[in-house]
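Subject: Structure for you to look at, with notes

Dear colleague,

I am passing on the structure we spoke of, and I would be glad if you read the notes below with the coordinates open beside them.

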Amino acid sequence: LPPRRTRLCSKKKTRLRRQTSILTAKDMALSMKTNAAVRLPSARAAIKARARQQPRLRTVVVRASEEEVKSTEDAAPKSTIASPVSEPTPTFGSLMSFSGPVPELANGRLAMLGFSSAILLEKITGEKVFRLVQDLPLTVAFLAVTFIVATFIPLLKKETPEKKATGIFQANAEMWNGRAAMLGFALLLVIEANSKGPFF
């Protein structure tokens with residue numbers, strides 16, 4: 001064959017090859033699409049079948065009754081927050097009761113005043129306590145009433161000796177000094193009642 005014809009034949013062959021390759025690619029794409037279209041419904045059907053076979057999860061709603069809620073609230077530890085409690089206002093009866101602060105406090109203060117005054121006045125006058133009380137009744141009564149009222153007023157205002165304690169002036173020290181003065185003044189009266197002259 002002449003060279004021109006061979007060239008034409010080769011060109012035709014290459015064209016045919018290209019066309020066949022394009023056709024095969026299109027056929028493959030179409031086959032893939034058809035396979036995918038066939039597979040999709042089958043896959044969906046399989047998923048539905050599996051979902052039917054699997055047991056459904058059921059939600060259980062538990063409702064607590066009011067009694068159970070109250071019991072749990074009672075059993076729960078409550079917060080221990082100290083709420084401010086207002087102190088009751090003291091009265092005359094509560095202050096003068098057997099367990100009240102006035103009897104021992106007032107008697108202790110009067111005993112300290114009487115014992116110290118007895119020592120000083122017996123040294124000056126040379127008379128017994130009984131004679132001094134007879135000579136100065138108004139002074140003794142005035143001092144006693146003043147000390148008792150001065151003891152009452154702070155306690156009625158809720159001011160205790162513990163709140164006013166400073167330095168060496170403590171409530172316990174005053175209480176013990178008052179007890180010692182009451183004991184000493186009582187012994188002084190007993191001794192001077194059985195003696196002719198003053199003790200100091």
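Please keep in mind throughout that this is a predicted model.

Overall make-up

The secondary structure of the protein comes to 7 helices and 0 strands, so that, read from the N terminus, the order of elements is α-α-α-α-α-α-α. Of its 200 residues, 11% count as buried, and the protein exposes about 17100 Å², of which carbon and sulfur atoms supply 64%. When contacts between residues at least 6 apart in sequence are taken together, 74% of them join residues at least 24 apart.

Charged pairs

Side chains of opposite charge can pair when their charged atoms come close. The structure holds 3 salt bridges, and I take them one by one.

In one of them, Arg-179 pairs with Glu-104, with 2.3 Å between the closest N and O atoms. This pair links distant parts of the chain, since Arg-179 belongs to helix α7 and Glu-104 to helix α4, 75 residues apart. Arg-179 has a relative accessibility of 34% and therefore counts as partly exposed, and Glu-104, at 30%, is likewise put in the partly exposed class.

Another salt bridge joins Glu-174 to Arg-109, where the closest N and O atoms are 2.6 Å apart. Here too distant parts of the chain are linked, with Glu-174 in helix α7 and Arg-109 in helix α4, 65 residues apart. Glu-174 is partly exposed, its relative accessible area being 23%.

The remaining bridge to describe is that of Asp-135 with Arg-131, for which the closest N and O atoms lie 3.8 Å apart. Both residues are found in helix α5 (residues 129–135), and their separation of 4 residues is about one turn of the helix. Asp-135, with a relative accessible area of 39%, is partly exposed, and Arg-131 counts as partly exposed at 45%.

Arg-179 also deserves a second look, as its charged end sits over the ring of Trp-176, 4.9 Å from the ring centre.

Aromatic residues

The count comes to 2 aromatic pairs. The rings of Phe-115 and Phe-200 have centres 6.2 Å apart and planes at 85°, and because an angle over 60 degrees is what the edge-to-face class asks for, the pair is edge-to-face. This pair, too, links distant parts of the chain: Phe-115 is in helix α4 (residues 102–125), whereas Phe-200 is in the segment after α7 (171–193), and 85 residues separate them. Phe-115 is partly exposed at 25% relative accessibility, and Phe-200 is partly exposed at 29%.

Phe-199 and Phe-200 make up an aromatic pair that is edge-to-face as well, with 4.9 Å from centre to centre and 90° between the planes. Phe-199 has a relative accessible area of 48% and is partly exposed. Which residues come together in one aromatic cluster? They are Phe-115, Phe-199 and Phe-200.

A nonpolar patch on the surface

Phe-199 appears again in a nonpolar patch on the surface, which it forms with Leu-183, Leu-187 and Ile-191, and the accessible area of these residues together is about 400 Å². Of these, Ile-191 is placed in helix α7, and its relative accessibility of 39% makes it partly exposed.

The surroundings of Leu-155

Is Leu-155, which lies in helix α6 (residues 137–156), buried or exposed? With a relative accessibility of 8%, Leu-155 counts as buried, because the class takes in residues under 20%. If its neighbours within four places in sequence are left aside, Leu-155 is in contact with Pro-90, Leu-95, Pro-101, Val-102, Thr-160 and Pro-161. Leu-155 and Thr-89 are 66 residues apart in sequence, and the distance between their C-alpha atoms is 9.6 Å.

To draw the notes together, helices α7 and α4 are joined by the salt bridge of Arg-179 with Glu-104 and by that of Glu-174 with Arg-109, and Phe-115 of helix α4 is paired with Phe-200 in the segment after α7.

With best wishes

Methods:
Residues are numbered from 1 along each chain as its sequence is written. This is a predicted model: local features need pLDDT of at least 70, side-chain atom pairs count only at pLDDT 80 or more; totals for chains, interfaces and linings use all residues. Side-chain values use heavy atoms; hydrogens and water are left out. Rings of Phe, Tyr and Trp (its six-membered ring) pair if their centres lie within 6.5 Å; planes under 30 degrees apart count as stacked, over 60 as edge-to-face and the rest as tilted. Helices (H or I, at least four residues) and strands (E, at least two) are DSSP runs, numbered from the N terminus. Buried means under 20% relative accessible area, exposed over 50%, partly exposed in between (1.4 Å probe, protein chains only). A charge sits over a ring if NZ of Lys or CZ of Arg is within 6 Å of the ring centre and within 35 degrees of the ring normal. Patches are made of residues with over 30% relative accessible area and no salt bridge: like charges are joined within 9 Å, nonpolar side chains (Val, Leu, Ile, Met, Phe, Trp, Tyr) within 5 Å. Accessible areas come from the Shrake-Rupley method with a 1.4 Å probe; for residues, only the protein chains shown count as cover. A salt bridge is a side-chain nitrogen of Lys or Arg within 4 Å of a carboxyl oxygen of Asp or Glu. Contact means heavy atoms within 4.5 Å.
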